[in-house]
Amino acid sequence: MGKTLRDHLFDTIRELGKSDLKTFKDKLNNFQPKEGYNPIRWGELEKADTVEITRLLVSYYEEDYAVEVAGKVLEDMDKKNLTHNLFQATGQGVADPTPGKHQPGLSSDEDSDSDLLRRLQALKDNRNVTEPQNDVMAPALETPQ
């Protein structure tokens with residue numbers, strides 16, 4: 001049996017350390033959900049562990065929206081890796097590496113992956129590689145002159 005959205009939520013929240021879990025609960029308590037949903041009360045979050053936080057997210061927001069809410073809270077905490085992994089595992093979209101931005105269904109890694117493969121193939125073929133602007137990997141892949 002495959003993992004459910006709830007399982008992925010739990011796995012993601014479980015990866016937070018004690019301090020980050022406290023921050024997550026605080027930001028979740030202050031999160032303004034979309035119309036038709038209520039914020040989770042602090043009295044329920046304050047002493048909640050990972051299992052209870054997952055239960056609260058799903059009971060307040062249903063699974064699909066709970067993933068979105070958790071992702072937005074994690075983005076707000078600058079936990080890009082966790083956000084990316086959560087959205088990727090649940091098929092809810094992929095986090096944009098730009099802080100605070102999420103683009104459902106779009107992977108910002110696809111273009112950089114194909115460009116990286118092109119540059120690696122050029123290096124293998126002993127050709128000069130034209131490096132794209134603002135590419136963090138470019139210096140590591142330049143061919144010696």
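1. A quick term before we start: helices here are DSSP runs of H or I at least four residues long, numbered from the N terminus. Keep in mind too that this is a predicted model. With that in hand, look at Lys72 and Glu68, which both sit in helix α4, four residues apart, or about one turn of the helix. Their side chains form a salt bridge, with the closest N and O atoms 3.0 Å apart. Lys72 is partly exposed at 37% relative accessibility, and Glu68 is partly exposed as well, at 27%.

2. There's a second pair of this kind in α4. Arg55 and Glu52 are three residues apart in that helix, again about one turn, and their side chains meet in a salt bridge at 2.6 Å, N to O. Arg55 has a relative accessible area of 34%, so it goes down as partly exposed; Glu52, at 26%, is partly exposed too. As for the spacing, an α-helix has 3.6 residues a turn, so residues three or four places apart point the same way.

3. Now the overall layout. The protein has seven helices and two strands, and from the N terminus the order is α-α-α-α-α-β-β-α-α. So you'll pass five helices, then the two strands, then two more helices as you trace the chain. Of the 145 residues, 34% are buried. The protein exposes about 9400 Å², and carbon and sulfur atoms supply 47% of that. Among contacts between residues at least 6 apart in sequence, 41% join residues at least 24 apart.

4. Which residues have the most contacts inside the largest nonpolar core? They are Phe24, Leu28, Ile53 and Leu57, in a core of 28 residues. The elements that give two or more residues to this core are α1 (5-14), α2 (18-30), α4 (50-76) and α5 (80-90). Helix α4 gives the most, with 13 residues.

5. Leu28 is a good residue to click on if you want to see how that core is put together. Leaving out residues up to four places away in sequence, Leu28 touches Ile40, Leu45, Ile53, Leu57, Val69 and Val73. Two of the residues on that list, Ile53 and Leu57, are also named among those with the most contacts inside the core.

6. How do α2 and α4 cross, and at what angle? Their axes come within 11 Å and cross at roughly 95°. Angles of 65 to 115 degrees count as roughly perpendicular, so that's the label for α2 and α4. On the α2 side the contact is made by Leu21, Phe24, Lys25, Lys27 and Leu28. From α4 it takes in Thr50, Ile53, Leu57, Val69, Ala70, Val73, Leu74 and Asp76.

7. Over at α5, the buried residues are Leu82, Thr83, His84, Leu86, Phe87 and Thr90. Two of those, Leu86 and Thr90, turn up again as contacts of His8. His8 lies in helix α1 and, setting aside its neighbours within four places in sequence, is in contact with Lys3, Leu86, Ala89 and Thr90. Is His8 buried or exposed? The cut-off for buried is under 20% relative accessible area, and His8 is at 17%, so it counts as buried. Right after α5 comes Gly91, with a positive phi near 70°.

8. Two non-glycine residues with positive phi deserve a look. Glu62 has a phi of about 65° and is found in helix α4. With a relative accessible area of 53%, Glu62 is exposed. The other is Asp78, whose phi is also positive, near 65°. Asp78 is placed in the loop between α4 and α5 and is partly exposed at 46%.

9. Back to charges for one last point. A search of the whole structure finds eight salt bridges. Outside the two α4 pairs above, Glu44 forms one with Arg41, the closest N and O atoms being 3.2 Å apart. Glu44 is partly exposed, with a relative accessible area of 25%, whereas Arg41 counts as exposed at 54%.

Note on methods
Residues are numbered from 1 along each chain as its sequence is written. This is a predicted model: local features need pLDDT of at least 70, side-chain atom pairs count only at pLDDT 80 or more; totals for chains, interfaces and linings use all residues. Side-chain values use heavy atoms; hydrogens and water are left out. A nonpolar core is a set of buried Ala, Val, Leu, Ile, Met, Phe, Trp, Tyr and Cys residues joined through side-chain atoms within 4.5 Å. Buried means under 20% relative accessible area, exposed over 50%, partly exposed in between (1.4 Å probe, protein chains only). Contact means heavy atoms within 4.5 Å. Accessible areas come from the Shrake-Rupley method with a 1.4 Å probe; for residues, only the protein chains shown count as cover. A salt bridge is a side-chain nitrogen of Lys or Arg within 4 Å of a carboxyl oxygen of Asp or Glu. Axes are lines fitted to C-alpha atoms, for helices over the stretch in contact, and angles run from 0 to 180 degrees between N-to-C directions. Angles under 35 degrees count as roughly parallel, over 145 as roughly antiparallel, 65 to 115 as roughly perpendicular and the rest as oblique.
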